[in-house]
Amino acid sequence: MSLLLADAFEHESLKAAEPVLRTDVPEALSRQLRWVHSSEVLDIAPLLRGGELLLSGGQALATASDERRVDYVRQLAARGITALAIETGSELPAIPESMLDAGQEAGLPIIELCKVAPFVGIMQAINSLLVSESVAQLQFGDETSHAMAAELAHGGGLDQLLAVLASRTGASARLVSPSGITLGSAAAPGQPGPCTVTTVDVPVRGVLAARLELEVPDDGDANLARVAGERCVDILGLALLQRMPPGLKELAGIELMRAISSGTQSWRLQQLGPASGFPASGPVAAVVVRSPAAGQLRTQLDGILHDAVPQSASYADNAELIALAALPHPTAVASRIALIQALEALEIPDGSVMAVGPLAQGIGEAPWSLAEARRTLELMPGDGNRVVDAEDFAVERLAEASLDAAAREAFVQRQLGAVVEHDEQRRSELMRTLAVWLDTGCNTAQAARELHLERQSMHHRLQRIFELCGGDPRGTGRLVALHLATRLARL
């Protein structure tokens with residue numbers, strides 16, 4: 001079994017400090033413990049991973065403000081630590097009620113250490129147990145992997161492999177494709193009951209091929225099941241390859257996308273392109289999706305690309321999903337616009353963004369299209385856009401690559417310094433108004449609609465902008481300069 005907070009409470013090294021749980025957090029002592037740390041730094045939370053027992057001597061807390069103490073508790077709770085143990089004594093006679101209230105509200109167990117005990121001894125003793133447990137879990141995972149490998153060598157299918165995993169971990173196992181289809185399953189021995197689901201990605205040649213779902217009973221060991229599942233990923237990948245081996249064209253597509261992502265030389269792309277179905281000289285456009293669910297989105301993206309363009313390939317890498325679309329030569333520009341419209345139908349979770357790179361003339365320019373799509377995602381404002389056309393940011397991309405920040409800032413100041421100053425002093429929105437008006441082609445009615453303004457208010461704003469900028473720029477060379485300045489200001 002994994003080491004729990006209750007086990008730490010019963011360990012002689014911690015018992016010497018006479019620990020008392022001061023917050024009434026449900027099942028606090030049943031929380032799993034990953035490591036024990038000691039620190040007096042109040043900004044320690046970002047350095048923790050979660051699952052720790054944090055020991056504090058209370059010196060920094062004794063001199064901190066009440067607001068800082070509460071923030072300290074909330075930050076640790078948000079980081080997911082197992083518990084906070086604070087030593088009380090002459091410097092900190094008692095744990096402040098505000099900290100206990102914050103811990104109770106955030107669900108963080110707070111422990112009072114009523115006697116002085118050497119933190120180094122506590123950490124060494126309990127962490128040595130945790131290290132031993134981790135080694136034992138890895139050994140168990142390797143033994144499970146070897147048992148599954150033996151089953152595979154004797155002709156066992158996915159169901160048989162998962163049955164080995166289920167029998168050893170006590171967790172029901174199911175292998176699911178990225179599109180949600182069950183590829184294989186095995187039930188754990190015993191009666192079903194409340195359980196926790198642990199998932200492990202199963203890639204094949206760098207591509208997400210399936211997900212392993214382990215249903216661990218509440219009285220089971222979720223950590224042990226997870227470690228075993230992670231150690232068996234390669235065996236499950238081999239089984240998937242035997243069941244549905246990729247063809248040469250698919251393998252070439254995977255290698256092509258890896259090469260494009262890494263910026264491989266053009267001659268290599270000229271080899272891989274035709275092998276994966278891309279004409280060497282045909283127009284292409286790259287697509288980049290950044291999402292916490294990039295792997296799950298691949299099947300949906302592939303379906304949209306399949307319907308929209310003659311040939312495509314995709315590749316998932318961590319939180320980024322990239323794709324390449326071949327476009328019909330005579331109608332490449334129109335086809336690219338149609339592809340963007342089709343991609344807008346892709347359902348992506350919150351916090352996800354997508355960009356379509358500029359049109360590249362031939363497979364050799366595909367890395368450039370991909371790089372520009374990535375650059376667009378870095379430059380785009382955080383306004384909730386989900387699908388972005390890199391061509392809409394052509395000016396920003398050129399300026400970011402060709403002009404240093406000082407030159408961009410100086411140009412904006414020369415062209416729009418008075419407008420910027422007006423906004424800062426009066427909290428107006430003249431810069432945004434000017435930018436929208438210019439982006440709509442100086443269409444006052446359209447700009448008013450986008451800004452949710454009455455036309456009279458829009459005219460008043462424009463009149464003030466013209467006064468600050470030296471007159472109405474329409475019909476003059478200043479129009480281009482002002483438009484460029486508004487785009488550079490976004491950088």
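Q: Why is Ser335 called buried?
A: In this predicted model, Ser335 has a relative accessibility of 14%. Buried means under 20%, so Ser335 counts as buried. Ser335 sits in helix 13, which covers residues 332–343. Setting aside neighbours within four places in sequence, Ser335 is in contact with Leu327 and Pro328.

Q: What makes Glu67 count as buried or exposed?
A: Its relative accessibility is 62%. The cut-off for exposed is over 50%, so Glu67 counts as exposed. You'll find Glu67 in helix 4, residues 66–79. Try tracing from there to Pro279: these two are 212 residues apart along the chain, and their C-alpha atoms are separated by 64 Å.

Q: And Ala166, how do you know whether it is buried or exposed?
A: Ala166 comes out at 1% relative accessibility. With the limit for buried at under 20%, Ala166 therefore counts as buried. Ala166 belongs to helix 7. Apart from neighbours within four places in sequence, Ala166 is in contact with Ala171, Ala186, Ala187, Ala188 and Pro189. Thr264, on the other hand, is 43 Å from Ala166, C-alpha to C-alpha, and 98 residues away in sequence.

Q: How do you know that Cys469 has no bond to Cys442?
A: Look at the sulfurs: the closest cysteine sulfur to that of Cys469 is in Cys442, and it is 12 Å away. A disulfide needs the two sulfur atoms within 2.5 Å, so this pair is too far apart for a bond. A search of the whole structure turns up 0 disulfides.

Q: Why do Cys469 and Cys114 get different labels, one buried and one partly exposed?
A: Cys469 has a relative accessible area of 15%, and under 20% means buried, so Cys469 is buried. Cys114 has 32%. That value falls between the 20% and 50% cut-offs, so Cys114 is partly exposed.

Q: Why is helix 17 called oblique to helix 18?
A: The axes of helix 17 (residues 430–439) and helix 18 (residues 444–451) cross at roughly 130° and come within 8 Å. Perpendicular runs from 65 to 115 degrees and antiparallel starts over 145, so helix 17 is oblique to helix 18. The crossing is right-handed. Where they meet, helix 17 brings Arg432, Thr433, Val436 and Trp437, while helix 18 brings Thr444, Ala447, Glu450 and Leu451.

Q: What makes helix 17 and helix 19 roughly perpendicular?
A: Helix 17 packs against helix 19 (residues 455–469) at an angle of about 100°, with the axes 10 Å apart. The perpendicular range is 65 to 115 degrees, so helix 17 and helix 19 are roughly perpendicular to each other. Helix 17 makes the contact through Leu430, Thr433, Leu434 and Trp437. Helix 19 answers with residues including Met458, Arg461, Leu462 and Phe466.

Q: What makes a group of residues a nonpolar core, and which members of the largest one touch the most others?
A: Core members are buried residues of certain kinds, such as Leu, Val and Met, joined through side-chain atoms within 4.5 Å. The largest core has 31 residues, and Met148, Leu165, Leu175, Val202, Leu212, Leu236 and Leu240 touch the most other members. Among the elements giving two or more residues are helix 6 (119–153), strand 8 (195–204) and strand 9 (207–217). There's also a second, separate core of 26 residues, including Val288, Ile322, Ala360 and Phe393.

Definitions and conventions. Residues numbered from 1 in each chain as written. Predicted model: local features only at pLDDT ≥ 70, side-chain atom pairs only at ≥ 80, totals over all residues. Heavy atoms only, no water. Buried < 20%, exposed > 50% of the residue type's maximum accessible area, 1.4 Å probe, protein only. Helix = DSSP H or I, 4+ residues; strand = E, 2+ residues; numbered from the N terminus. Axes fitted to C-alpha atoms, helices over the stretch in contact; angles between N-to-C directions. Parallel < 35°, antiparallel > 145°, perpendicular 65-115°, else oblique. Left-handed = near helix turned anticlockwise from the far one by under 90°. Contact = heavy atoms within 4.5 Å.
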